[in-house]
Amino acid sequence: MSTTYSDLVAKINQWNTAYHVLDNPTVSDAEYDQAFRQLLALEAENPALITPESPSQRVGANPIDEFRKITHRVKMLSLDNAFSLTETVAFFERAAKELAVNLNELTLYSEPKLDGLAIAIHYHKGILVYAATRGDGQVGEDVTHNIKTIQSVPIKLVTTNPPDILNVRGEVFMPKLAFEKLNRLSAQNGSKLFVNPRNAVAGTVRQMNPKIAAERDLQFIPYGIGDYSNEQRFSKHSDIMVYLQTLGFKQNPHCTAFAASLNALEKNYATMAQQRANLPMEIDGIVYKLDLLEQQANLGFTAHHPKWAIARKFPAEQVTTQLLEVDFQVGRTGVLTPVARLEPVFVGGVTVSNATLHNMDEVERLGLHIGDTVVIERAGDVIPKVVKVAQPGTMQTPIIMPKHCPVCAAEVERIAGQVAYACTNGLLCAAQSAERIRHYASRRFMNIQNLGPKLIELLYGLGIVKTIADLYTLKVSDIANLEGCGEKSAQNVIDSIAATKVTKFATFLGALGIHGVGEEGAKNIAQAYKSLDALLVVVDAMPADFSDANLITFKVNIPNVGLVMSKNVVNFFKEPHNRSIINAILGAGVILEAAEATAADQTPVLFGQTWVLTGTLTMPRPEAKALLEGLGAKVAGSVSKKTTCVVAGENAGSKLAEAEALGVTVMDEAAFLNVINRNNIKP
């Protein structure tokens, strides 16, 4: 039986390679389906037979709880960019000079720069072990469960002599047709549309559930190797690419090698730019590499990029159209964003009728008026953007920020110290409430399964759910009679909400939708305060008219959290309506797990010490006091034998004399700041 099973696995994998990699199907769909059903039946009867290379394992994984970190044995660096022929030639002239050769002695390898997500796929003895994102170049996220669903990624290398270690680097991308299909289905389901294929790929690869990735027709094309152990060695990059094709990887037919020269580079770029619109996938430039691996090794790397490869980017496509109107959208945090309504125009492969104007300062900078003929571009081939006014309109109708919210009619005010304007109605504003509910339930935060944007919109529109607290009082009968719902689907929603009643404090904090507080900010705050109760003690202790000095005390132990985010957090929790909603959520049985202690939570370095500040310092005295307290020190107003240190500024008086008389350590402000900086405390 095992021989039959092995033969069946090998046969189906061979068919998959022919279809998904070589674009050359060798069997009919019916024959393939019959063999695949036979395989599943064998595995169901004999689970012990299942091997990692079985085609059934591409979508066999269960959803994961979180992404583990993977350290790249060889760094995944970014590429340097060039935006003109001159810059590209200059880059390789510098390389030629360092190699002591002429430019025309270099052989370049060109490949379209796929607009996707860089991935490293690691094989051990020919079997896929893990796949990771680039991350920061040194450490990425484990996305093996999703990468295994990609049919053009071999689970087992097509060779009888696999290397012990092979780390394949390449790009995961979504073909244009697959992207259009995804957005078409998203529109039908009332889900958020993706702005471009790269955005769709990034969102898909970071899904917890691999079944979602399996449905989206992702593809993978390699662009090199990171780690390799085998007796076979290569002299050229082009040899590596041929080798990877023999192992079962899909190849891009538009790659080529040629002798470097100004004319050759110009011709290669012009050819690819002309073919770009007709390619089945999006590309945003061309990558040029030295083909000889010895030359690559001799040139090496900077801290950021290889010195033997560069990406020449395509310029953003620009067109002109007329600005018909400007609407103001109210976001989740109440900020009003001006959106240009345009005469529809085709640019960068899509028809554009809207473009963001960011804020009123941008409107003023551009000198925009309704009726103007404007130049727009898809910046980075992603978000349509108004670049400038091409021709003023005849009426010169000004664009004015409304005084009242277009959703709830509450007053609109400019946020102090920012360019943004916001609705003053907080969670009572319909636009903010609905968006906050979607944000709260989203996969990034509470991850309430089965509660999609369309259902939220329906529940909110009917007044069944007005705030996030109302989610926890929903009943099956509230949902079962809605359009498109039934008893079973309603029960699934209720069960999914109940499943989130025990969650991490950081997750809940991020889910609240506090302006400027994303996943990392929420984690930092939660790690510093450990629990909601501890956070609220600090917030409640602050005066109603709290100052920046109060905020320094709030944030001093929180890495990467500045005064603006601190102010947003304090303001949010001081708002009675917000506290009422949070109390209702906790009253419904939601339990927040406190953040676990880490090595960073050890005893503060100045714990048990007493410091005194005297004289005139360049920083405000309350700020210096807060910084010392953040390191665990007690700040006293007088000097004694128990004083650990005195920080003496300009015109220090009697306290300095007392310290010197008692033999207490004295430091100036520069030395004090060294102590602060050495311990990573920032004002």
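How many bridges join β3 to β9, and in which sense do the two strands run? In this predicted model, four bridges join β3 to β9, and the strands run antiparallel. One of the residue pairs can be named: Ser110 has Thr256 of β9 as its bridge partner.

## The five-strand sheet

β3 and β9 belong to an open sheet of five strands, ordered β2-β11-β10-β3-β9. The pairing in this sheet is mixed. The edges are taken by β2 (80-82) and β9 (256-259); each has a single partner strand, so one side of each is left without a neighbour in the sheet. On average, and with direction ignored, neighbouring strands here are turned by 30 degrees against each other.

Helix α3 (residues 85-99) lies across four strands of the sheet, namely β2, β3, β10 and β11. Its direction runs at about 170 degrees to that of β11.

## The four-strand sheet

A further open sheet is formed by four strands in the order β5-β4-β7-β8, with antiparallel pairing. β5 (127-133) and β8 (219-229) are its edge strands, each pairing on one side only. Direction ignored, the average turn between neighbouring strands of this sheet is 25 degrees.

Strand β7 (residues 165-173) pairs with β8 over nine bridges in the antiparallel sense. Within this pairing, Glu171 has Ile221 of β8 as its bridge partner. Helix α8 (residues 237-246) packs on the sheet and touches β7 and β8. The direction of α8 makes about 115 degrees with that of β8. Helix α6 (residues 197-205) lies across β4 (117-124) and β7, and runs at about 40 degrees to β4.

## The second largest pocket

The second largest pocket holds about 1200 Å³ of space. Its lining consists of 46 residues, and those nearest the centre are Leu77, Arg169, Tyr223, Lys289 and Trp308. By class, the lining comprises 25 nonpolar, eleven polar and ten charged residues.

Several strands and helices contribute to this pocket. Two or more lining residues come from each of β3 (107-114), β4, β7, β8, α8, β10 (283-290), α10 (293-299) and β11 (309-313). The largest share, eight residues, is given by β8.

## The second largest cavity

Enclosed space was examined as well. Rolling a probe the size of a water molecule over the atoms shows where empty space is left. The model has two cavities of 30 Å³ or more, and the second largest of the cavities has about 50 Å³ of space.

The residues that line the second largest cavity are His72, Arg73, Val74, His122, Tyr130, Asn167, Arg169, Gly226 and Asp227. β7 and β8 are the elements that give two or more residues to this lining. Two of the lining residues are nonpolar, four are polar and three are charged. Arg169 appears in the lining of the second largest cavity and is also among the residues nearest the centre of the second largest pocket.

## Helix packing around α20

Helix α20 (residues 563-574) packs with helix α18 (residues 532-541); their axes come within 10 Å and cross at roughly 95 degrees. Angles of 65 to 115 degrees count as roughly perpendicular, and α18 and α20 are therefore roughly perpendicular to each other. On the α18 side, the contact is made by Leu532, Leu535, Leu536, Val539 and Asp540, and on the α20 side by Val570, Phe573 and Lys574. Six of these contact residues are nonpolar, none is polar and two are charged.

The other contact of α20 described here is with helix α21 (residues 576-587), where the axes are 5 Å apart and the packing angle is about 75 degrees. α20 and α21 are therefore also roughly perpendicular to each other. In this contact, Phe572, Phe573 and Lys574 of α20 meet Pro576, Asn578, Arg579 and Ile582 of α21. The contact residues divide into four nonpolar, one polar and two charged. Phe573 and Lys574 take part in the contact with α18 and in the contact with α21.

Terms used:
Residues are numbered from 1 along each chain as its sequence is written. This is a predicted model: local features need pLDDT of at least 70, side-chain atom pairs count only at pLDDT 80 or more; totals for chains, interfaces and linings use all residues. Side-chain values use heavy atoms; hydrogens and water are left out. Axes are lines fitted to C-alpha atoms, for helices over the stretch in contact, and angles run from 0 to 180 degrees between N-to-C directions. Angles under 35 degrees count as roughly parallel, over 145 as roughly antiparallel, 65 to 115 as roughly perpendicular and the rest as oblique. Contact means heavy atoms within 4.5 Å. Ala, Val, Leu, Ile, Met, Phe, Trp, Tyr, Cys and Pro count as nonpolar, Asp, Glu, Lys and Arg as charged, and the others, Gly among them, as polar. Two strands pair if DSSP finds at least two bridges between them. On a 1 Å grid over the protein atoms alone, a cavity is a set of points where a 1.4 Å probe fits but cannot get out, and a pocket is an open set with protein on both sides within 12 Å along at least five of seven lines; lining residues have an atom within 4 Å of a point. Grid points are joined across faces, edges and corners, and a volume is the space filled by probe spheres set on the points.
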